[in-house]
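Hi everyone, thanks for making time this morning. Please have the sequence and the model open while I talk.

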Amino acid sequence: MMKNKNIGFGITGSFCTFHRILPVMEELAKENQVYPVLSPAAREWDTRFFKASEFRAAVEGICQRGSITTVVQAEPIGPKKMFDIMVIAPCTGNTLAKLAHGIADGPVTMAAKSHLRNGRPVVIALSTNDGLSGAAENIGRLLGRKHYYFVPFRQDDWEKKPSSLVAEFGLIPETVKAA
């Protein structure tokens, strides 16, 4: 386990996996400073899995700090060298595409872009229903780039969702350490 690191933790809108990332955040926050970065979907949308306000309160309680929720708040991450490493979990197909194409139009993608300017690692924990179809190209693009590391992933439900991929979220700490 890493100790005494500053870890950016970007959260995007794969709501069904939110319950899987909270224990990972808790584990990382035991011996590190974790800075939550919430996409608008993660910050604002009530779903059948979580009310947005309750999820945000849980994240901020674990991290013992407020969330980065705007592009303006995320932009100084690189110039100030705020993070040693950045995790994006869950990382949706939408966010994956934006990273692959250099689009920084939200707090999570801006945080990653700003962080990458220093050549520091970004750990991706996929959760996308089109990982073996539309998003496959973007996975390939990022697998070939420096400073991107993927948490091991697998097919989610090959019978009901044959194109869906999901990370083994419990392996985030090991991936962070390896990156």
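I'll go through the nonpolar cores, then two helix pairs, and finish with one more helix.

A word before we start: this is a predicted model.

Let's begin inside. The largest nonpolar core holds 30 residues. Phe9, Ile11, Met25, Val87, Ala89, Phe169 and Ile172 are the ones with the most contacts within that core. And which helix gives this core its largest share? That is α1, residues 18–29, with 6 residues.

Ile11 is a nice place to zoom in. Setting aside neighbours within four places in sequence, Ile11 touches Phe18, Ile21 and Met25. The list of contacts for Ile11 also includes Val37, Leu38, Ser39, Ala42, Phe55, Val59, Ala89, Pro90 and Val108. Apart from the largest core there is another one, with 25 residues, including Ile68, Ile88, Val108 and Met110.

Now for the helix pairs. In general, two packed helices are described by the angle between their axes and the distance between the axes.

Take α1 with α3, which covers residues 52–63. Their axes come within 9 Å and cross at roughly 15°. Angles under 35 degrees count as roughly parallel, and α1 and α3 are therefore roughly parallel to each other. The crossing of α1 past α3 is right-handed. On the α1 side, the residues are Phe18, Ile21, Leu22, Met25, Glu26 and Ala29. They meet Phe55, Ala58, Val59, Ile62 and Cys63 of α3. Sorted by class, the contact of α1 with α3 has 10 nonpolar residues, no polar ones and 1 charged.

The second pair is α5, residues 93–100, and α7, residues 136–143. Here the axes are 9 Å apart and the packing angle is about 50°, and that makes α5 oblique to α7. Is this crossing left-handed or right-handed? For α5 and α7 it is left-handed. Leu96, Ala97, Leu99 and Ala100 make the contact from α5, while α7 brings Asn138, Ile139, Arg141 and Leu142. By class, the contact of α5 with α7 has 6 nonpolar, 1 polar and 1 charged residues.

Last stop: α6, residues 107–116. How many of its 10 residues are buried? The count is 8, so we can call α6 mostly covered. The buried ones are Pro107, Val108, Thr109, Met110, Ala111, Ala112, Ser114 and His115. You may recognise Val108 and Met110 from earlier, as they are among the residues of the 25-residue core.

That's my tour, and I'm happy to rotate the view for anyone.

Definitions and conventions: Residues numbered from 1 in each chain as written. Predicted model: local features only at pLDDT ≥ 70, side-chain atom pairs only at ≥ 80, totals over all residues. Heavy atoms only, no water. Core = buried A, V, L, I, M, F, W, Y, C linked by side-chain atoms within 4.5 Å. Buried < 20%, exposed > 50% of the residue type's maximum accessible area, 1.4 Å probe, protein only. Helix = DSSP H or I, 4+ residues; strand = E, 2+ residues; numbered from the N terminus. Contact = heavy atoms within 4.5 Å. Axes fitted to C-alpha atoms, helices over the stretch in contact; angles between N-to-C directions. Parallel < 35°, antiparallel > 145°, perpendicular 65-115°, else oblique. Left-handed = near helix turned anticlockwise from the far one by under 90°. Nonpolar A, V, L, I, M, F, W, Y, C, P; charged D, E, K, R; others polar.
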